Every structure is written in C-alpha cells, then in structure tokens.
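Welcome, and thank you for taking a look at this model with me. Please open the sequence and the 3D view side by side, and we will walk through them together.

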Amino acid sequence: MLNSLNAPQRDAVKYLDGPLLVLAGAGSGKTRVITQKISYLIDEAGYSPKEIAAITFTNKAAREMQERVGKLMVGKNIKGLTIATFHSLGLQMLRAEASLLGYKPQFSILDSSDSFKILADILATTDKQLLRKTQSQISHWKNGFVNPDQAKATAEEELTHAAAKVYQLYQQTLKAYQAVDFDDLIKLPVELFDEHEAALNKWQRKLQYLLIDEYQDTNACQYKLVKMLTGVRGQFTAVGDDDQAIYGWRGADVENLRQLTEDFSKLKVIKLEQNYRSTIRILRGANAVIANNPKLFEKKLWSDLGTGDLIQVSACMSEEAEAESVIMKLQAHKFENRTKFLDYAILYRGNHQARIFEQYLRNHKIPYTISGGQSFFDKAEIKDLISYLRLVANEDDDPAFIRAATTPKKGIGNTTLERLGEFASLHKISLFAAAFEGDFQNDVGNKQLEDLLNFCTYIQKIQECAVRDPAGEVLNDLLTTIQYEAFLYDSDEPRAAESKWKNVLDFIGWLTKKGEASTEFGNETDGKNLLELTQMVSLMSMLEGREDGEPDAVKLSTLHAAKGLEFGHVFLIGVEEGILPHRESIDLGVTDPTKIEEERRLMYVGITRAQKSLNISWCKKRKRAGEMQMCEPSRFIAELPKDDVRHFGNPFNKDAEASKEFGKSKMANIRAMLNNN
Ligand SMILES: Nc1ncnc2c1ncn2[C@@H]1O[C@H](COP(=O)(O)OP(=O)(O)OP(=O)(O)O)[C@@H](O)[C@H]1O
Ligand SMILES: [Mg+2]
C-alpha cells in the first residue's frame, strides 16, 4: 500500500512517535498522506476506526475523503471512523455533553441569517451594514476565543465597546433559545473542556489519533480544541501550506503553524517537495507569483510532469467578450483533446462573477455545476414557511418553534422565550409543551402568556386541519393568518419583497402539485399529505447541496471554495486590479501589506488547481454600479514568468482588434466543427 507514496510521504504516514506537521506546497500529496495514514493506522498500527478523527475544511472535502478511504479499505470495517469538519466534530461533542453546558441535546443550530435576525432585534435596527459589521465582529471574537466580558474589557473604541455589549445580549438570547450558532460549535466544546475535566478525559480517550487537513486555515479556537484533545500525548498529524492561507478575513491565523513548533517541542516537521498535480510551466507560474510574498517557511516545489502548454493570458474587451471567449476556448479544447466537461473549471474571486458565465453556458447548452450557490431551501422566506410546517408536523421541534413564533412578530418577546427556554430545559420538555405548564404560566405576565398561547393553539388548530383539509387550502389559510406577504413588504424593499413572495408562491405551488400527485397513488386525504410532504421537504432541504456522484459538468467555483481540489484545465477569470486583488485589500494594503499578500495567496491557490492547462483572463472594460469603467490587469499577471506566458489581445499593443477578428473566424470554424460532429 505504501508503494504509492514517495519517501517523505511514507515517513509521514509511518511516523507515530508524537506530533507531526507536514508542511508542503500545493499538489504535493498532503491530503493523500492523510487518507493513507488513516488506513495505515487501522491496518498496521492497531488503532480502532472509532479512535481516529480526520478533520477537513469543508463538507465536500470530508465526503471526498470518506470516499477515498472507503476505496483504500474495501471490505474492511471502518465503522466509527470520524471524517468531519471542525464544525461537525464540535456538534458531535456538544450533543453528547449538552447537559453539562445547560443545553438540551436537541438544541438548535442557527445559521447566519437566523443570527442576523437576532442581532437586528437586539440593535433594533435594519441597517444591514451595521448588522453585518457587528455579526462579523462577534464571529471574530468567538473564533479568537474571546468571551463577552473580555471583549468589553479590551475594547478601546466606543463602537467596539458597544458591539461587545451586543455580543453579551446575543449570547444570552441564544441560550434562551436553547440554540447555538456556527462559531459556537467550536467555541462551546473548548469552554466545556476548560470547565469539565472528566469530559475532556473522556474525549481524549475516545479520540486517540487526530489528523487535520488544511491546517493553515485553522483559527485560534480550533487550534485550542486540537491542543486540548491531543493533550500531552500530542498524537496528531497536521498538514498545511502557509502559502495557501486564505481565510485570514474569517479569523484564521497562519501564526498557528508557527505556534505549533513552539507549543510542541517534540514536533516533527516533514516537508514534501514533489508536486504530482501540475505541469512545470504552471508550477513555475505559481512559484513566481508567491515569491513576492514574505516567506514564513522555506519550501521548494518541483514537478516531473513535463513542461506543458504556455499559460495563456487574454485581455478581453468586456465581460461578455470574456465569457464568450472562455466558452469558445473550452469547447474547442474539449473537441481537440476528447476530454470531458468535468475536466474544466472556471474560477473567480467573487460569487457575482459567475452570473454572466452561467448565462453563456446555458445558451451554449454546456452542463455546469456551481459551488457555494444558495439553495432554494436556504432562502429565508422558504425556511420561514418550512418552520411552520415542521412545527405542525412535530410540535417538539424547538428550532422551528422559535422561528415560527418570532417570524413574523406576534408579541412573543425575548424575555418570554427566555423564561420558556429555561423552564423547558429544567424540565426536559419542549418549548411547545412548556407553554402549557401551569408553573411556567404563573411565572409570566398575562399579556405575554396570551400571545404565546394564541400562537400555540393556532398551531394545534392547523394540526387538525392538516389531517382533514387539502394541503393547498391549509397553506393559504396559514399565510393569510400570519400575514406573511405584508410582513415581507414591511421588512424589505419592494423589489426584494416581491421576489421573495414569488418564491413562497412557487414553493406552495410545487408542494401542492406534489400533494395532488400523491393522492393519485394512495387513497389518503389531502390533509394527511401535508404532514407527509413536510417530512419530505425537511429531508430535501437537508439533502440539497449534496453532490452525489460527479456529473459530467464544467465546475464554476470561487477560489475559496476550490481549495484542495484539482482540475485538468482551469480558466481563471476577471484577474483585474480591484477584483483580484480585491478593491478593499488594495485600499487597506496601503497601510497593511498583509491584505495584498492574502490576495496573492488566493491567486496561488487558483493557479495551483490546474493540472494541464491554465487560462487567465481579464477585461479592459467592465460595468460597475451601472457605469462602464476601464480596468487594469491584476498586478499578479505581471508577476508571472515571461517565458511561460503567452498574451492574447495584448493590452500593450494596438492590434487587439485584429486578434479579436482572428478569434471570430476561429470561433466560426469551431462552431462549424461542432455542428458537423
Ligand atoms: N506519491 C504520489 N504518486 C502519485 N500521485 C500522487 C502522489 N502523491 C500525490 N499524488 C497525486 O497528486 C495530486 C495532489 O495530491 P493532494 O491533493 O494530496 O495534494 P495536496 O498537497 O493536498 O494539495 P493542496 O495543497 O492543493 O491541498 C493528487 O491527484 C494525488 O493523487
Ligand atoms: Mg490537500
């Protein structure tokens, strides 16, 4: 098995004498070391699968690793093996130990839009910019393992101090809701282990060996968790590349790499130097760009996959021209090389850049998948509606209870919910059940109780209707009663509200159509179908975004989401000043050069995704805020080695138009070819 590894990779897999850091550039087989090591630990080193946890950066990476390990260990028992993100590992721990922190095991997890709403309530504002700023400040504190008191104590500016106060209220609200947010999934386990040694010992015994991929992007809180779990034994393997640290803006700190060497005096460092992914030219391009950043660690990277094609850099007249040219090149390349669509990726800095490419891909009937796009079921208005359905189906669903009880507002305030939450967790019952308990009822004001009971009895009423009446009728009645349309128009600009309302109607249309379809099959009443449908919808919303099997489609992805992946042929688009590097980092870069450095690492990540060919493009003109503006090529383009690059539509000489004409005739040829095929 170890034959498929080179010598240092093999050393890394076999090393079990203490903490290990594999520090190496892109495509050098770091992730491969992790998968092979999992199988080595089980097969050769006598670990039981349930004693091992491998931590990846995204759910997708976790799924991919599960697949790879599954293939390596066919026919063997790997039950209990944990391959997860930091967040899902944290969730697992929190579920098991919730009571120690005063939570019930079925606590709810709020997503970013839920916590946005809570903040809007606390701050009593609709100022989105302020809310976003506060949200990211709180997230920053949490990721840095700073609690509200510490935040208050260290805040120097008045604004930060105000945010710290909001942070405190926010935490109290979450606790009252028996809910945690995304950052809590890491922060709370650390707090738990800080306070409860027995729990820590239990998890240390349970997880005997830890493997961590993409270590450069861990934040302070995640690092603390690793340190706690591995304890003095320090049995772990971390792999990472400081040149690919691209989550500084989210609180990740590449200093954690250096910190490892200080915190673990016995840390062994293994470097990998051979790149198995890219051609020599692509690698030279990547190395040349990243050489402009100050070095944290000395690294070398070489490849013997041949010189390969020149890196192509195209200057395009406009976004439309860029999209057209990328798609023409892609089709021609695919035709000539007999490749598949899934061999191609179009990568970009920001999500908004995808839109025009989606249009052109659709026009040309080219299949594509897009990463990180928002799923229909993730939209706030759909989640609102689903929360009612979930509550109707199962009144003990507390997260649904909270969402439905507070959206739209029905006079049920935080204090009431807080009391309800406390009472429910004390008596280990659901929020819904707690509302009907005499002891709780005696404890709240008459008006508050009335509003709460109105809501609960209304839910009971729909529960009855749902068994009796047609699904469509029940839903329409629900929307009217809660005045959802008016709520949308009250809380948003008319255009946004209109499109949200349309989504709601689409959703109901879709649901009731399904409902009718299923009555044809069974003899159930329509009402019963609503409950069935609700379960189906909840399941769908959980499954959405799962990519089962790899369809033959061009991949559209942000650079951030493309981390760790590889593609035969990569188109890096919109490589302009103001996009990559991002405008904000250019502005801040005047005083803080690390901002530009992070953008450069992003460029490095982009280049190193490519195996065989790399096309970089930029636009000379681009519409911004409705106005046409002139653009400059990214400074990173100039950093590419001259000998490895071929420029098209050269911005520095005037025959760009001629090359465009040339492009047109070539396109016509290709179209003819494709049509004949
Ligand atoms: N010893 C090896 N022999 C052949 N192929 C290898 C070897 N090691 C790694 N590879 C292949 O090289 C490619 C890159 O490997 P991998 O994704 O593990 O690199 P990485 O260091 O994790 O990259 P990144 O920094 O982008 O995450 C993969 O296709 C992998 O299968
Ligand atoms: Mg990797």
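Let us begin with the overall layout. The chain is divided into four parts: domain 1 (7-93 + 187-272), domain 2 (108-177), domain 3 (302-367 + 551-675) and domain 4 (378-515). Please keep in mind that what you see is a predicted model.

Now bring domain 1 and domain 3 into view. Taken over C-alpha atoms, their centres are 34 Å apart. The two domains do touch: 11 residues of domain 1 are in contact with 10 residues of domain 3. On the domain 1 side of this contact, five residues are nonpolar, four are polar and two are charged.

Where does ligand 1 lie with respect to domain 1 and domain 3? Both domain 1 and domain 3 give residues to the shell around ligand 1, so the ligand lies between them. There are 19 residues around ligand 1, and those that come nearest are G29, K30, T31, R32 and Y276. Which helix gives the most to this shell? That is helix α2 (residues 30-43), with three residues. Sorted by class, the shell around ligand 1 has 10 polar, five charged and four nonpolar residues.

Next, let us turn to a pair of helices, α5 (residues 112-123) and α8 (residues 158-176). Their axes come within 10 Å and cross at roughly 120 degrees. An angle of that kind makes α5 oblique to α8. The handedness of the crossing of α5 and α8 is right-handed. To see the contact itself, look for I118, L119, I122 and L123 in α5, which meet V166, L169, Y170 and T173 in α8. Seven residues of this contact are nonpolar and one is polar, while none is charged.

A second helix pair is worth a visit: α16 (residues 380-393) and α17 (398-406). The axes of α16 and α17 come within 8 Å, and they cross at roughly 125 degrees. These two helices are therefore oblique to each other. The crossing of α16 and α17 is left-handed, whereas that of α5 and α8 is right-handed. In this contact, D384, S387, Y388, R390 and L391 of α16 meet A400, F401, R403 and A404 of α17. By class, the contact of α16 with α17 has five nonpolar, one polar and three charged residues.

If you follow the chain onward from α17, you come to a detail of the backbone. The loop between α17 (398-406) and α18 (414-426) holds P408. T407 and P408 are joined by a cis peptide bond, with omega about -15 degrees.

Another cis peptide bond runs from L580 to P581, and here omega is near 5 degrees. Where will you find P581? Look in the loop between β13 (567-572) and α26 (583-589).

One last backbone detail concerns R338. This residue is not a glycine, yet R338 has a positive phi of about 55 degrees. You can find R338 in the loop between α14 (319-337) and β10 (344-348).

To retrace the route, return to ligand 1, which lies between domain 1 and domain 3, and then revisit the oblique helix pairs, α5 with α8 and α16 with α17. Finish with the cis peptide bonds leading into P408 and P581.

Technical notes:
Residues numbered from 1 in each chain as written. Chains lettered and ligands numbered in written order. Predicted model: local features only at pLDDT ≥ 70, side-chain atom pairs only at ≥ 80, totals over all residues. Near = placed C-beta within 6 Å. Helix = DSSP H or I, 4+ residues; strand = E, 2+ residues; numbered from the N terminus. Nonpolar A, V, L, I, M, F, W, Y, C, P; charged D, E, K, R; others polar. Domains from an automatic or database assignment. Axes fitted to C-alpha atoms, helices over the stretch in contact; angles between N-to-C directions. Parallel < 35°, antiparallel > 145°, perpendicular 65-115°, else oblique. Left-handed = near helix turned anticlockwise from the far one by under 90°. Contact = placed C-beta atoms within 7 Å.
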